[in-house]
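Student: I am new to this structure. Could we go through it in short questions and answers?

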Amino acid sequence: MPGPDAVVIGAGPNGLVAANVLADVGWDVVVLEARPSAGGAVRSDRGLDPAYVHDLFSAFYPLAVASPVIARLRLEEYGLRWSRAPAVVAHPLTDGRCAVLAADPEETAASLERFAAGDGAAWLRLYRLWERIGDDLTRCLFTPFPPLRAGGRLALRLGYAELLRVARGMLLPARRFGEEEFAGAGGRLLIAGNALHADLAPESALGGGFGWLMCMLGQAHGFPVPVGGAQSLTDALVRRLEAHGGRVHCGRAVTEILVRGRRAAGVRTADGTLVEARRAVLAAVPAPLVYGRLLRPEVLPDRLLRDLRRFQWDFSTVKVDWALSRPIPWASEGPRGAGTVHLADGVDELTLFAAQIAMHLVPSHPFAVLGQMTTADPSRSPEGTESAWAYTHVPQDIGGDAGPDGITGRWDEREREAFGDRVEAQVERFAPGFVDTVRARRVLTPPELERLDPALVGGAVNQGTTNLHQQLFFRPVPGTGRPTTPIAGLYLASATAHPGGGVHGAPGANAARTALHAQQPLAGLRRPPRRTGPASGAQADT
């Protein structure tokens, strides 16, 4: 029996998006996932407390709701529902002030105006710019490089002089961007804090643009969450794929991509099974693993292997989950209605945090991105309680500890719990009495995150640095910035490909469309699309 048209390696969001795009045009698609369940870094569980839902990795999805890739899939027809907190992001300070990115732009402006006169107007001016160019800019980011159509529309809309000014602003470090746009601390905190959702320090080029992008997505769309947990997003993707004839097989680790005549011919799984692919293999796996583990080195150019030795992972991540007996007792009003709360006492503390990581030190005061999930989605825990988490970063290679605990990177029980205490102490600075609300705690260190999702190498949740030297045509190595590989019929569909991390589906969709384009001469062989309808009661193969 002939194999499927395409084999997709990995049932994370990019792999599932790629499979859906191919299934939409009638390709027979099989997705092979190493873990027992689909989802990659978009999964949730009740492992801490059966009454509390916790997202294991990613949790808020502004990029998903803004992505034209995800929009085209119409996942709401397959059971996905979104929920939002009353406010998007809050950044409190220990002196009681708090910058709030509210659902209403005017409310955000009023919050920033309290920091400095004129900063409210500055925010509204930046948001008006987003309203003019946001759609075109988003399409530029989510299409293969170079984005000729979307880029052309953007250039026509702005004109040459303004285009250069916008490009300059996008390249600025977050600190400089904030200083140019805002007189007070509030707006600067929102920009710099959002930039550090990636590994962009306040002094890193591109941080201003990324921070502004995240702020504007939050202002336009909120930071939504799937009702019931991140797993609901994955389940909708799987249901849609199965409704279009695709299949997801979990617990089927791929150990080798087979190459015949310099063309990808299929894959071999850990149990020795050969799965042949008639048209394409799409690898939703980090590029260093594709080229370093799944392919034999003799089929790859020496230059590619040398370039991969320069590939830079993003910061390692530590995540702490809490089951709280009541809402967090914030010292100021601002964070109480926010789904996401940034915890650092000013931009200088963000700089210190990033500098300590650059020096291979575990930060003394970890910048924490904290999620109040019951505030964002009341279904996550019993009424009157809070399902919460916080994540922060540590170096990939730990050389010492800037704090008092002597953490070495062994991440044994002592180090895991000591760092969990350090994160809780950071929360306590802004919410005295927080530790008294904790019913249960789970600390996920970099090795544990990688064990739960092998794509998160060393706990790198973005599958490679977001810094400028590894973006566009430098991602994952210097080249075209496209999903093609040196092996015909093999396409890179993971976040190590342009445009990088975040749950937006673009790497998967770009890989699928490139595979389809390569098959255009065979269009007459394409089977008609298979669709059985929304099938909202279908279950994922997990």
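## Cores, elements and salt bridges

Tutor: Start with F60, which touches F223, P224, V225, G339, T340, G371, M373, A376 and W389, leaving aside residues up to four places away in sequence. Keep in mind that this is a predicted model.

Student: How many residues are in the largest nonpolar core, where F60 is one of those that touch the most other members?

Tutor: F60 is listed there with W123, W130, L190 and W212 as the residues that touch the most other members. In soluble globular proteins, nonpolar side chains tend to be buried together. The number of residues in this largest nonpolar core is 62.

Student: Which element gives the most to this core?

Tutor: The element in question contributes 11 residues to the core. It is helix α5.

Student: How many residues does the second, separate core have?

Tutor: Its members include A6, I70, V248 and A512. A512 is also among the buried residues of α18. The size of this second core is 44 residues.

Student: Is α18 largely enclosed or largely open, and how many of its residues are buried?

Tutor: Helix α18 covers residues 506-518 and reaches 18 Å from its first C-alpha to its last, close to the 18 Å expected. Its buried residues include A506, P507, G508 and L516. The helix is largely enclosed by the rest of the structure, because the buried count among its 13 residues is 10.

Student: What covers the buried residues of α18?

Tutor: Both helices and strands take part. The covering elements include α1, α3, α5, β13 and β21.

Student: Which residues of β18 point the other way from E386, A388, A390, T392 and V394?

Tutor: Strand β18 spans residues 386-394, and 9 of its 9 residues are buried. The residues pointing either way from the strand are therefore buried under the cut-off of 20% relative accessible area. Those opposite to E386, A388, A390, T392 and V394 are S387, W389, Y391 and H393.

Student: Which residue in β18 is the bridge partner of V369?

Tutor: Strand β17 (residues 368-372) runs antiparallel to β18 and is joined to it by 4 bridges. Strand β14 (residues 316-324) is also antiparallel to β18, with 9 bridges, and there A323 has S387 as its partner. For V369, the partner in β18 is Y391.

Student: How many residues apart in sequence are the parts that R296 and E256 tie together?

Tutor: The side chains of R296 and E256 meet in a salt bridge, 3.0 Å from N to O. R296 lies in the loop between α12 and α13, whereas E256 is in strand β10, so the parts tied together are separated in sequence by 40 residues.

Student: Is E256 buried or exposed?

Tutor: Its partner R296 counts as partly exposed, at 49% relative accessibility. E256 has a relative accessible area of 15%. Buried means under 20%, so E256 is buried.

Student: Which strands hold E276 and R260?

Tutor: E276 forms a salt bridge with R260, their closest N and O atoms being 3.4 Å apart. The pair ties together parts that are 16 residues apart in sequence, because E276 and R260 lie, respectively, in β12 and β10.

Student: How many salt bridges does a search of the whole structure find?

Tutor: R74 and E77 form one, with the closest N and O atoms 2.5 Å apart. R416, E417, D421, E424 and R441 are linked in a network of salt bridges. For the whole structure, the search finds 37.

Technical notes
Residues numbered from 1 in each chain as written. Predicted model: local features only at pLDDT ≥ 70, side-chain atom pairs only at ≥ 80, totals over all residues. Heavy atoms only, no water. Helix = DSSP H or I, 4+ residues; strand = E, 2+ residues; numbered from the N terminus. Expected span 1.5 Å × (residues − 1). Buried < 20%, exposed > 50% of the residue type's maximum accessible area, 1.4 Å probe, protein only. Contact = heavy atoms within 4.5 Å. Pairing = 2+ DSSP bridges. Salt bridge = Lys/Arg side-chain N within 4 Å of Asp/Glu carboxyl O. Core = buried A, V, L, I, M, F, W, Y, C linked by side-chain atoms within 4.5 Å.
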